[in-house]
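Thank you all for making time this morning. I would like to walk you through one structure, going from a single residue outwards, and I will put it on the screen before I begin.

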Amino acid sequence: MTIIGRSVRRIEPGPKGVQVFGEPYETADGSTVITVARAGGGPFRAAPLGIFVIHDGTVKWESAIDTTRVALLAEFIGLAATVIATLAVFRRPPWPDLSAAGMSAMRSLKSAWK
């Protein structure tokens, strides 16, 4: 049994599922690639975690990034910032109060400063 086979059998389910290692395959340049995914939650629920690349005796981890999740998070942050800014403007507008009551209040303040 190979080292990879022994390590895969030692993996126990964690709180977020089981890590699954794919079959290693060799590329044209002599690198060995092993895929890693997380399975759990249901029969068709799996998420890629990344790949191990073994080349010339060195191992390199390449993480899989879910760009859809990153884009949705950025859109949510932009929406939250827009809502907060809109509420701040409606709560206290940046322009002066130009109503009749506001104008008389400004005149009384101006006379009080003199």
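Let me start at Arg 38, which lies in strand β3. Please keep in mind throughout that what you see is a predicted model. With a relative accessibility of 32%, Arg 38 counts as partly exposed, since that class covers the range between the 20% limit for buried and the 50% limit for exposed. Its C-alpha atom is 5.9 Å from that of Val 20, although 18 residues separate Arg 38 and Val 20 along the sequence.

Stepping back to the whole chain, we have 3 helices and 5 strands, and, read from the N terminus, the order of the elements is α-β-β-β-β-β-α-α. Of the 114 residues in the protein chain, 6% count as buried, and I would ask you to hold on to that figure when we come to the helices.

Just ahead of strand β3, in the loop that links β2 (25-26) to β3 (32-39), we find Ser 31. Is Ser 31 buried or exposed? Its relative accessibility is 6%, so Ser 31 counts as buried, and its side chain is joined to that of Asp 29 by a polar contact of 3.2 Å.

Now to the aromatic residues, where a search of the whole structure returns 2 aromatic pairs. In one of them, Phe 21 and Phe 52 are stacked, with 6.4 Å from centre to centre and 15° between the ring planes. Because Phe 21 belongs to strand β1 (residues 18-21) and Phe 52 to strand β4 (residues 46-55), this pair ties together parts of the chain that are 31 residues apart in sequence. Both rings belong to residues that are partly exposed, Phe 21 at 25% relative accessibility and Phe 52 with a relative accessible area of 26%. If we widen the view a little, Phe 21, Phe 52 and Trp 61 form one aromatic cluster.

Moving on along the chain from strand β4, there is a backbone detail at Asp 56, which sits in the loop between β4 and β5 (58-63). Most residues other than glycine have a negative phi, whereas Asp 56, which is not a glycine, has a positive phi of about 55°. Asp 56 is also exposed, with a relative accessible area of 70%.

What about charged pairs? Side chains of opposite charge can pair when their charged atoms come close, and a search of the whole structure finds 1 salt bridge. The partners are Glu 62 and Lys 60, whose side chains meet at 3.2 Å, N to O, and Glu 62 is partly exposed, with a relative accessible area of 33%.

That leaves two helices to discuss, and I will take helix α2 ahead of helix α3. Helix α2 covers residues 67-91, and its 25 residues, at 1.5 Å a residue, should span 36 Å, which agrees with the 36 Å between its end C-alpha atoms. How many of the 25 residues of α2 are buried? The count is 0, and α2 is accordingly described as hardly covered. One residue to look at here is Phe 76, which has its place in helix α2 and is exposed, with a relative accessible area of 55%. Together with Leu 73 and Ile 77, Phe 76 makes a nonpolar surface patch of about 330 Å².

For helix α3, at residues 100-113, the same check gives an expected span of 20 Å for 14 residues, and the end C-alpha atoms are indeed 20 Å apart, in agreement. The number of buried residues among the 14 of α3 is 1, so this helix lies largely in the open.

To return to the figure I asked you to keep, 6% of the 114 residues count as buried, and Ser 31 is a residue that counts as buried. I am happy to take comments on any of these points.

Technical notes
Residues are numbered from 1 along each chain as its sequence is written. This is a predicted model: local features need pLDDT of at least 70, side-chain atom pairs count only at pLDDT 80 or more; totals for chains, interfaces and linings use all residues. Side-chain values use heavy atoms; hydrogens and water are left out. Rings of Phe, Tyr and Trp (its six-membered ring) pair if their centres lie within 6.5 Å; planes under 30 degrees apart count as stacked, over 60 as edge-to-face and the rest as tilted. Helices (H or I, at least four residues) and strands (E, at least two) are DSSP runs, numbered from the N terminus. Buried means under 20% relative accessible area, exposed over 50%, partly exposed in between (1.4 Å probe, protein chains only). The expected span of a helix is 1.5 Å times one less than its number of residues. Patches are made of residues with over 30% relative accessible area and no salt bridge: like charges are joined within 9 Å, nonpolar side chains (Val, Leu, Ile, Met, Phe, Trp, Tyr) within 5 Å. Accessible areas come from the Shrake-Rupley method with a 1.4 Å probe; for residues, only the protein chains shown count as cover. A salt bridge is a side-chain nitrogen of Lys or Arg within 4 Å of a carboxyl oxygen of Asp or Glu. A polar contact is a pair of N or O atoms within 3.5 Å; within protein, one must be able to donate a hydrogen and the other to accept it, and residues adjacent in sequence count only if both atoms are side-chain atoms.
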